[in-house]
Amino acid sequence: MADVERRKKRTAKRKRPRTPLEAFHLSYLCVTDLSAQVWCEQQAVYHKEKPGVQLPEKTTVVLNAGKSIHLARELQDHNLVPVKTNSREDRWAIKLLNILLTITNLRKGQRVRECPVFGVLEGVFVFGIIDQLNYTAKGELQLNELKTRERAYMPVPAQKKRDHFQVSLYKHLFDAMVQGCLTQDIFTHHLRLKLKQSLGQEIQEHAQKAGFVVQCFEDLLELVLLNLTHSDIPPIDRLQIEYIHQQTNTLLGTEVITYDQDELMSMSHYFLDYWKGQRDPKGVDIEDTWKCSYCLFVDICDWRRRKADSLIQKSSEKKS
Ligand code: SF4
């Protein structure tokens with residue numbers, strides 16, 4: 001009987017259409033996957049469907065210049081230590097160790113760079129990396145996101161909207177983490193990580209140098225959850241984005257973001273609906289078609305073609 005039930009379940013699962021998360025073999029989403037949907041969801045989907053599409057040489061140069069500025073900032077605070085990883089558990093262990101170091105350094109009132117954040121949003125595991133956390137002169141915990149720009153002026157409102165969403169989501173995930181919302185089972189259930197997996201020699205040594213003795217993934221995870229639950233780290237008070245001109249490395253301007261939890265949740269809900277297979281992807285609205293002229297997928301975009309066809313049909317209906 002049990003076998004019959006199992007077979008039935010397997011058949012039902014096979015018949016159910018795969019969600020985009022399943023189709024792209026994703027066990028989690030990055031914050032940047034969701035913020036890309038603010039700009040154009042269809043474009044974000046094309047990037048996943050066609051990862052081999054080559055970026056124009058100019059875009060690659062711009063991205064590399066941005067990475068160099070980020071790296072230079074990171075190196076102001078600490079050296080990069082290469083650590084060999086042998087398993088998925090090792091790779092997540094590095095993120096967990098970085099969280100432990102973040103907690104330690106924030107407790108000392110120090111500035112922290114490249115802080116990993118994660119959590120579950122509407123049943124989906126979401127991961128991101130905060131550029132910088134520091135305390136202001138007023139004692140507020142501030143998130144500072146660095147955005148580099150090829151052009152020597154501030155971004156247009158559509159780009160700012162994407163960036164505002166991104167930092168707001170970072171705050172949401174970070175606040176939930178320091179309020180002790182992470183649990184062991186989200187790592188096993190969503191990421192399918194093995195708790196008893198031994199950590200690689202280099203990971204164990206790296207942890208020991210930082211003052212943590214751990215042998216398997218579970219040791220480290222328990223340590224992180226304990227530290228987060230009992231941390232006296234406050235939620236993020238202030239969200240700020242610095243826009244830097246790549247070529248000259250000069251500050252173009254700073255945006256202070258007003259956090260709006262309701263708006264963040266409503267946008268996240270809408271974006272996650274796509275990943276959970278509850279609706280089709282959406283391209284840009286008609287007033288935003290200027291974005292298409294910067295898009296790599298403009299020649300193959302179904303959304304754009306369908307919009308153009310419906311406009312032609314409407315105008316011919318009007319004429320007749
Ligand atoms: Fe989005 Fe326009 Fe690109 Fe299509 S062509 S993916 S609608 S930006």
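**Salt bridges and a domain contact**

In this predicted model, the side chains of D288 and K291 meet in a salt bridge, with 3.9 Å from N to O. Side chains of opposite charge can pair when their charged atoms come close. The two partners sit in different surroundings: K291 counts as buried at 6% relative accessibility, while D288 is partly exposed at 22%.

Let's follow this kind of pairing further. The count comes to 13 salt bridges by the rule used here. One of them joins E255 and K160 at 3.1 Å, N to O. This pair links distant parts of the chain, since E255 belongs to strand 6 (residues 250–257) and K160 to helix 6 (residues 157–178), 95 residues apart. E255 counts as buried, at 17% relative accessibility.

Another bridge stays within one helix. R305 and D309 meet at 3.7 Å, N to O, and both lie in helix 11 (residues 302–319), about one turn of the helix apart. R305 counts as partly exposed at 45% relative accessibility, as does D309 at 41%. Shared partners join D302, R305 and D309 into one salt-bridge network.

Now step back to the whole chain. The domain assignment gives domain 1 (27–282) and domain 2 (286–319). Their contact takes 15 residues from domain 1 and 9 residues from domain 2. Together the domains bury about 1100 Å² between them, 76% of it on carbon and sulfur atoms. W39, Q43 and Y46 supply 42% of the area that domain 1 buries there, more than any other three residues. What of salt bridges across this interface? The rule finds 0 of them, but it does find 3 residue pairs in polar contact.

Notes
Residues numbered from 1 in each chain as written. Predicted model: local features only at pLDDT ≥ 70, side-chain atom pairs only at ≥ 80, totals over all residues. Heavy atoms only, no water. Domains from an automatic or database assignment. Contact = heavy atoms within 4.5 Å. Buried area = accessible area lost by both parts, 1.4 Å probe. Salt bridge = Lys/Arg side-chain N within 4 Å of Asp/Glu carboxyl O. Polar contact = N/O pair within 3.5 Å; in protein donor to acceptor, adjacent residues only side chain to side chain. Helix = DSSP H or I, 4+ residues; strand = E, 2+ residues; numbered from the N terminus. Buried < 20%, exposed > 50% of the residue type's maximum accessible area, 1.4 Å probe, protein only.
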